[in-house]
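Please walk through this structure step by step, beginning with helix packing, moving on to strands and ending with charged side chains.

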Amino acid sequence: MSEKMEGAKHLYRFLTNLIITAVVTVLFAYDWINWLNILLDRPFLGLGQLTMIVIYMVLAIFFIYSFGGYEVGVSRISHGSIGCALASLIVDLIMAVMTIMMVGYRRLAPTIVFVYLQLFLVDVIILFIITYFGTWLYRKIFPPYQMLQIHGEHVNNLDHKMSQRRDRYVIAETIMGTAPLSEIWEKIDKYDAVLINDVPSELKNKILKYCFDRQKRVYFTPKISDIIVRESDELNLFDSPLYLSRNVGFSLWQRAVKRTGDIILSLIGIILTSPIMLVVAILIHSYDKGPVFYKQERYTIHKKVFKVIKFRSMIVDAEKNSGARLASENDDRITPVGHFIRSTRIDEIPQFFNILKGDMSFVGPRPERPEIHEEYCEKVPEFDFRLSVKAGLTGYAQVFGKYNTTTYDKLKFDMIYVQKASILLDMQLILLTLRVVFQKESTEGVEEGEKTAK
């Protein structure tokens, strides 16, 4: 793929993002100038109106970016549309509250809410149209990469996953890493990009250098050591490059801020979802007269055991005969109510109490059952590494993976979080979790007959 083509792609996405930002800003500016500003006792003039418009634009840019709404042509249309819709909803809610407080008259609150609701609906429709046609045009202008896959001895389904995005990637040919280097170099020269799929590190390094020399785009599956090294600090103390790799997690002040945030957010979550919890509790008990909640032992930081609280989504004594195992795609142990609360993540809501108590954090690796965790460790000893931080309700693996993501891939996601852990990343993952709720594929169960995600 030529440098000009890559430059054209960046320009296209920049212009599309500019259009998205301009549209939401202009729509707000119209409503503010014509409907909202006049509700103030002393309406804003030029600079005041401009300030309100800029505030809205900055908030819109932040939330659209956080939810992935700017990834036109890169992500799926559904993901981009959901991201834009959630961003519009949050920004309009924030601005509606601000406007109501500025106006100061309770009787005008319904009018303000109606204007912002109308603005939200218009935003959603227009942004969907931009996302849909912007993505369609991107795919027409820029063909997918023709890729060479260089495969190791370990069999995985990465090529299958990438083939599901044929708008971006086409694996045109596959060659084993055991082939002669001269043959591999010859194949690489024929394609736009290379997928290095789980080959030995020595060979991977040779391929990376060869592709770098020929300006070939390279995709590769990272090993745990790659993820650890990725966040290393650069030290310029001598006349030799030196990297420092740490595993310190959160600093003392970050832990204090994180814990304070967990307490505040869990209390807000409990208060806001209490009506939902009441209704769900009634439905669960009415179905089979069994217990509403389900408590289960899980691991958190440093293998401390705690009991996670969830709404019961399965029949009573679901594991009496099978023992500990994850839910499969069409698991007959799941009740009708359970199917709904699992697909909508409502079964996770009681974990707000675990967060408030301090067993969990809002963001962190998903807590695994001790017996399943130990089974994973037998196959992947590094699985223990993820327990260097407190378990979380959401996290890297929950946002970017699925319920049935393989053990090793879950570990990689969790290790990325462990290495990059920060308050800002926590905020981003919390926002992205809202988008994940609307993605059905993220709740896919394991295959029938399997106890764990292999």
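At what angle do helix α1 and helix α4 pack, and how far apart are their axes? In this predicted model, helix α1, which covers residues 3-36, packs with helix α4, residues 109-141, at an angle of about 165 degrees, and the two axes are 10 Å apart. Because an angle over 145 degrees counts as roughly antiparallel, α1 is described as roughly antiparallel to α4. The crossing of these two helices is right-handed, and the contact of α1 with α4, sorted by residue class, has 22 nonpolar, 2 polar and 4 charged residues.

From the helices we turn to the strands. Strands of a sheet pair through backbone hydrogen bonds, in either a parallel or an antiparallel sense. An open sheet of 4 strands shows parallel pairing, with the order β2-β1-β3-β4. Its edge strands are β2 (169-176) and β4 (217-220), each of which pairs on one side only, and the twist from one strand to the next averages 25 degrees. Within this sheet, strand β1, residues 145-151, and β2 pair in the parallel sense over 7 bridges; His 151 has Met 176 in β2 as its bridge partner.

The antiparallel sense appears in β7 and β8, which are joined by 7 bridges. Glu 297 stands opposite Lys 307 in β8. The two strands β7 and β8 form a hairpin with 5 residues between them, and His 302 in the turn has a positive phi of about 55 degrees.

The loop of this hairpin also leads into the charged contacts. Side chains of opposite charge can pair when their charged atoms come close, and a search of the whole structure finds 25 salt bridges. One salt bridge joins the side chains of Glu 374 and Lys 303, at 3.0 Å from N to O. Since Glu 374 lies in helix α12 (residues 370-379) and Lys 303 in the loop between β7 (293-299) and β8 (305-311), this pair ties together parts that are 71 residues apart in sequence. Lys 303 also forms a salt bridge with Asp 384, where the closest N and O atoms are 3.5 Å apart. Here too the pair links distant parts of the chain, for Asp 384 is in the loop between α12 and β10 (392-394), 81 residues apart from Lys 303 in the loop between β7 and β8.

Are the three residues of these two bridges buried, partly exposed or exposed? Glu 374 counts as partly exposed because its relative accessibility is 29%, Lys 303 counts as partly exposed at 32%, and Asp 384 counts as partly exposed at 31%. Elsewhere, salt bridges that share partners join Lys 310, Asp 347, Glu 348 and Arg 366 into one network.

A further salt bridge is found where the side chains of Arg 246 and Asp 233 meet, at 2.1 Å from N to O. This pair again links distant parts of the chain, with Arg 246 in the loop between β6 (242-244) and α9 (252-288) and Asp 233 in strand β5 (residues 233-235), 13 residues apart. Arg 246 counts as partly exposed, with a relative accessibility of 46%, and Asp 233 is likewise partly exposed, with a relative accessible area of 30%.

Notes
Residues numbered from 1 in each chain as written. Predicted model: local features only at pLDDT ≥ 70, side-chain atom pairs only at ≥ 80, totals over all residues. Heavy atoms only, no water. Axes fitted to C-alpha atoms, helices over the stretch in contact; angles between N-to-C directions. Parallel < 35°, antiparallel > 145°, perpendicular 65-115°, else oblique. Left-handed = near helix turned anticlockwise from the far one by under 90°. Nonpolar A, V, L, I, M, F, W, Y, C, P; charged D, E, K, R; others polar. Salt bridge = Lys/Arg side-chain N within 4 Å of Asp/Glu carboxyl O. Buried < 20%, exposed > 50% of the residue type's maximum accessible area, 1.4 Å probe, protein only. Pairing = 2+ DSSP bridges.
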